[in-house]
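Biologist: Got a minute to go through this model with me? I'd like to start with the sheets.

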Amino acid sequence: RSSDLSFPSKMALTCAISNEVPEEPVLSPASHCIFERRLVEKYVADNGTDPINGEPLAEENLIEIKTTPIVRPRPPSATSIPAILKLLQDEWDACMLHSFTLRQQLQTARQELSHALYQHDAACRVIARLTKELAAAKDALASLKPQAELDAIPANDQEEEGMDVAADPEEMTEAVIQKLEETAAQLTAERKKRRNKPPEGLAPTNTIKEFHEISSHPGLHSASKPGILSLDICTGNPDRIITGGADSTAVVFDKSTEQVVATLKGHSKKVTSVLFHPSLDDVAISSSPDSTVRIWSVANSSCSLVIKAHQSAVTGISVHATGDYLLSSSKDQHWAFSDIRSGSVLAKVADPDSSALTCSQFHPDGLILGTGTAKSVIKIWDLKEKANVANFTGHSGPITSISFSENGYYLASAAEDSLVKLWDLRKLKNFKTLTLPEGYQVRAVTFDQSGAYLGVAGSDIQVFISKQWDQLVQLTNHSQVVTEMKFGTNAAFVASASLDRTVKFYGP
């Protein structure tokens with residue numbers, strides 16, 4: 001019983017349960033029937049008896065039958081060419097149905113993606129509109145919120161929208177005139193003590209000749225209205241600069257940290273002139289074609305005072321040596337002398353030739369001032385007498401910039417005729433003309449604080465040494481017209497602004 005049984009390969013064996021040819025045939029000793037091993041083992045495991053006669057049976061009692069491997073016949077459906085073609089057609093139909101289903105799913109996914117992209121685009125437009133409305137609201141709030149009092153300069157309680165401060169200017173009192181005279185006498189005495197002695201630490205000419213671009217900062221102002229129109233360096237903290245842009249804002253920037261310190265918003269038109277207060281580092285001043293001059297608190301990024309001395313675009317501003325008074329010029333053909341603390345206009349003087357004023361600056365002593373006109377004339381005024389005391393003619397285009405030298409003797413002027421002229425205030429004549437290339441656009445001239453160097457900004461930047469008036473260096477790094485350049489303390493570096501939206505710093 002334990003031995004395996006062998007049968008001829010031609011003998012047909014069938015399973016007593018399935019009536020099919022078994023793959024692993026076994027013999028039951030109880031019923032002497034042949035079964036498929038997997039079927040009978042499952043039956044025995046469940047019932048413990050033989051499937052045919054019900055006698056007890058165990059798996060170990062089954063006798064394996066050895067036969068040659070049997071190749072199963074093909075099903076009738078696959079034994080003819082028509083049947084095979086039918087199978088292939090069924091497979092093709094199934095593939096087509098599956099492909100159709102996939103195309104439907106792809107179309108649905110595309111529609112869902114298109115809808116999602118449309119919603120994203122709509123959301124972006126809503127966000128952009130809300131951002132624009134928020135910026136407009138902030139600008140409106142900056143121009144309407146109550147005046148914040150500065151530590152050094154109190155707010156003007158009388159400021160109102162539309163108030164014409166210059167309509168009834170106050171007179172310069174004896175106390176004001178006395179203060180101006182005392183300051184002028186003190187500055188003149190100090191100048192005599194240091195005459196012909198350059199300040200300690202002043203950069204020598206060899207150092208100036210080695211100036212090159214150190215850094216460039218393109219992102220201070222908005223790209224929607226590109227262009228930086230004005231620049232100034234803080235006297236007390238030379239790392240800080242202020243710029244005025246075509247985007248109607250002024251920006252205070254720290255070059256040591258390369259961070260924006262404050263963004264000053266309030267002007268309704270471009271900011272064409274900016275200044276730091278000479279002794280109060282936290283106070284900045286700006287002017288604009290919106291006919292206003294604004295005093296700013298840098299720490300609070302807020303406007304503390306609005307001076308409305310003019311009826312047209314303000315073209316130039318200058319702070320008096322006392323730090324208490326402000327000079328402004330305008331296309332309304334007037335220059336004004338105002339009190340920085342109160343905002344009151346102490347003097348407003350019209351140009352006798354009815355010419356628009358294009359720029360202005362105080363003399364270092366503060367008793368005289370200069371203005372440039374659209375009729376190519378530089379005019380010198382006596383501040384106390386409010387009288388025109390001298391005129392310099394020689395330019396053939398509107399004056400774009402003037403600058404007094406620290407020694408009090410020289411005045412540099414630039415105009416749209418591509419010339420820079422030097423004037424002797426003692427002899428009241430032009431003693432030197434710097435001829436620039438034909439078509440050169442001169443936007444600004446400026447002496448350094450010592451008067452040793454003269455800078456010219458326009459199509460490029462050029463630095464000249466005073467007295468000899470030789471060019472020391474030419475800087476051509478800007479891609480558009482340079483609108484302003486200023487010297488750092490002791491001419492240690494140069495800062496420039498341009499219509500290409502960049503501020504650049506130059507040094508050895």
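Modeller: Sure, one definition before we start: two strands pair if DSSP finds at least two bridges between them, and strands (E, at least two residues) and helices (H or I, at least four) are DSSP runs numbered from the N terminus. The model is predicted, so local features need pLDDT of at least 70 and side-chain atom pairs count only at pLDDT 80 or more, while totals for chains, interfaces and linings use all residues. Residues are numbered from 1 along each chain as its sequence is written, and side-chain values use heavy atoms, leaving out hydrogens and water.

Biologist: How many bridges join strand 15 to strand 16?

Modeller: The two strands run antiparallel, and S328 has A336 in strand 16 as its bridge partner. They make a hairpin with 3 residues between them, where Q333 in the turn has a positive phi of about 75°. The number of bridges joining strand 15 to strand 16 is 5.

Biologist: Which residue in strand 17 stands opposite H334?

Modeller: Strand 16 (residues 334–339) pairs with strand 17 in the antiparallel sense over 5 bridges. Their hairpin has 5 residues between the strands, with G343 in the turn at a positive phi of about 85°. S338 sits opposite V345, and opposite H334 stands A350.

Biologist: Which strands stand at the edges of the sheet with the order 14-15-16-17?

Modeller: That sheet is open, has 4 strands and pairs antiparallel. An edge strand has a single partner strand, so one side of it is left without a neighbour in the sheet. The edges are strand 14 (314–319) and strand 17 (345–350).

Biologist: Why is strand 16 described as largely enclosed?

Modeller: Buried means under 20% relative accessible area, exposed over 50%, and partly exposed in between (1.4 Å probe, protein chains only). Helix 3 (residues 174–193) lies across strand 15 (325–330), strand 16 and strand 17, at about 95° to strand 15; angles run from 0 to 180 degrees between N-to-C directions, with axes fitted to C-alpha atoms, for helices over the stretch in contact. Strand 16 is largely enclosed by the rest of the structure because its buried residues number 5 of the 6.

Biologist: In the sheet with the order 6-7-8-9, what is the bridge partner of R240 in strand 8?

Modeller: This is an open, antiparallel sheet of 4 strands. Its edge strands are strand 6 (228–233) and strand 9 (259–265), each pairing on one side only. Strand 7 (residues 240–245) and strand 8 (residues 249–254) run antiparallel, joined by 5 bridges. The partner of R240 is D254.

Biologist: Over to a loop: is T502 buried or exposed?

Modeller: T502 lies between strand 31 (494–498) and strand 32 (503–507). Not counting residues up to four places away in sequence, T502 touches (heavy atoms within 4.5 Å) S216, H217, P218, I228, H478, S496 and A497. With 9% relative accessibility, T502 counts as buried.

Biologist: What is the length of the polar contact between the side chains of T502 and D500?

Modeller: A polar contact is a pair of N or O atoms within 3.5 Å; within protein, one must be able to donate a hydrogen and the other to accept it, and residues adjacent in sequence count only if both atoms are side-chain atoms. The T502 side chain has one with the H478 side chain at 3.1 Å. For T502 and D500, the value is 2.6 Å.
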